[in-house]
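The exercises below are meant to be worked with the sequence and the coordinates side by side. Try each task before reading its solution.

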Amino acid sequence: MRIDVFANYADANDRKLRDHVVVVLDILRASTSILEAIEMGADCVIPVTTLEEAVALRRARGGGTLLAGEREGKPIDGFDLGNSPIEFTAARVQDKTVVMATTNGTQAIKHVENCDPILIGALRNRRALCELLKQTDRPIALLCAGTDGDYSADDIYGAGALINGLRTLRARCEIDDMGLVAEQFYLVAREDRELLAKCRHYRRLAALGFQDDLEFCFEEDVSEVIPHYASHQITRLR
Ligand code: 3SL
Ligand code: MG
């Protein structure tokens, strides 16, 4: 199976992804939060790119719709939820529509929205995702959201974790150079949290006091849920 890793979503476009199964990775924290919202029973998550769009959408949809997201990692005034995955409890999100606007993760999803399928990947659903991906005969694109237009080592780590997970399932992986780098980084950093803690976005979230989120986002293989984006919304594929 061919695996192409895009270290930043802006490096990808419809032409490059034409035949691919696309997995969007924003390990810290949007894809982990989306996974958690779906796992906790949200009807769907609607990713949008701007705060204005989020507010307008809620106005149009009315009750049962929650606004979630962040700017510079911080919750947004007037929104119901921030972007801490641990905020997305069943009590908050079950049977609700969550409209989400984040700085990088939701932009990455919207950037590739013409692709099919688009899956949301996190470390928490890594094994379930690998089991599904192993069955495809199409090339796979691991699309890292990045941070503020730059590469983000936490996403590269996630791409490496998926490649390594596929190998564990004995998939024959044909990886590009970015995939090679990602897998090696994953293998080293999973044994050395100090290295992971040097990542820029990791440090930023730690400085904002989101230590619990960091622990949560780096937990592996604890969710069987696979969120799937189609027709402008993310729902549970399985
Ligand atoms: O960029 C994003 O989409 C967010 O996940 C960033 S943050 O972790 O909430 O700061
Ligand atoms: Mg991120």
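The side chain of Arg126 reaches the backbone oxygen of Ala161 at 2.9 Å, which is a polar contact (a pair of N or O atoms within 3.5 Å; within protein, one must be able to donate a hydrogen and the other to accept it, and residues adjacent in sequence count only if both atoms are side-chain atoms). This is a predicted model, in which local features need pLDDT of at least 70 and side-chain atom pairs count only at pLDDT 80 or more, while totals for chains, interfaces and linings use all residues. Residues are numbered from 1 along each chain as its sequence is written, chains are lettered from A and ligands numbered from 1 in the order in which they are written, and side-chain values use heavy atoms, with hydrogens and water left out.

**Exercise 1.** Describe the setting of Arg126 in helix 5.

*Solution.* Begin with accessibility: Arg126 has a relative accessible area of 10% and is therefore buried (under 20%, against over 50% for exposed and in between for partly exposed; 1.4 Å probe, protein chains only). Next, list its contacts (heavy atoms within 4.5 Å): leaving aside neighbours within four places in sequence, Arg126 touches Ala161, Leu162, Asn164, Gly165, Tyr186, Glu220 and Asp221. Finally, widen the view to helix 5 (helices are DSSP runs of H or I, at least four residues, and strands runs of E, at least two, numbered from the N terminus), where Ala128, Leu129, Cys130 and Leu133 are among the other buried residues. The cover over the buried residues of this helix includes strand 2, strand 6, strand 7, helix 6 and helix 7.

**Exercise 2.** Determine how the buried residues of helix 7 are arranged around its axis.

*Solution.* First check the length: at 1.5 Å times one less than the number of residues, the 13 residues 177-189 should span 18 Å, and the end C-alpha atoms of helix 7 are indeed 18 Å apart. Then identify the buried residues, which are Gly179, Ala182, Glu183, Phe185, Tyr186 and Ala189. Viewed down the axis of helix 7, they fall within an arc of 165° and so line one face, the arc being that of the directions from the helix axis to the C-beta atoms. Their packing partners are strand 1, helix 5, helix 6, strand 8 and helix 8.

**Exercise 3.** Which polar atoms does the side chain of Ser31 approach?

*Solution.* Ser31 belongs to helix 1 and is buried, at 3% relative accessible area. A polar atom of its side chain lies 2.6 Å from the backbone nitrogen of Asp26, and the backbone oxygen of Gly121 is found 2.9 Å from a polar atom of that side chain.

**Exercise 4.** Locate the unusual backbone geometry in the loops, given that most residues other than glycine have a negative phi, and most peptide bonds are trans.

*Solution.* Start with the peptide bonds: a cis bond joins Leu28 and Arg29, with omega about -10°, and Arg29 lies in the loop between strand 2 and helix 1. The bond from Asp116 to Pro117 is also cis, omega being near 5°. Turn then to phi, which is positive, near 50°, at Asp148, a partly exposed residue with 43% relative accessible area. Asp221 likewise has a positive phi, of about 60°, but counts as buried at 18% relative accessibility; its place is in the loop between helix 10 and strand 9.
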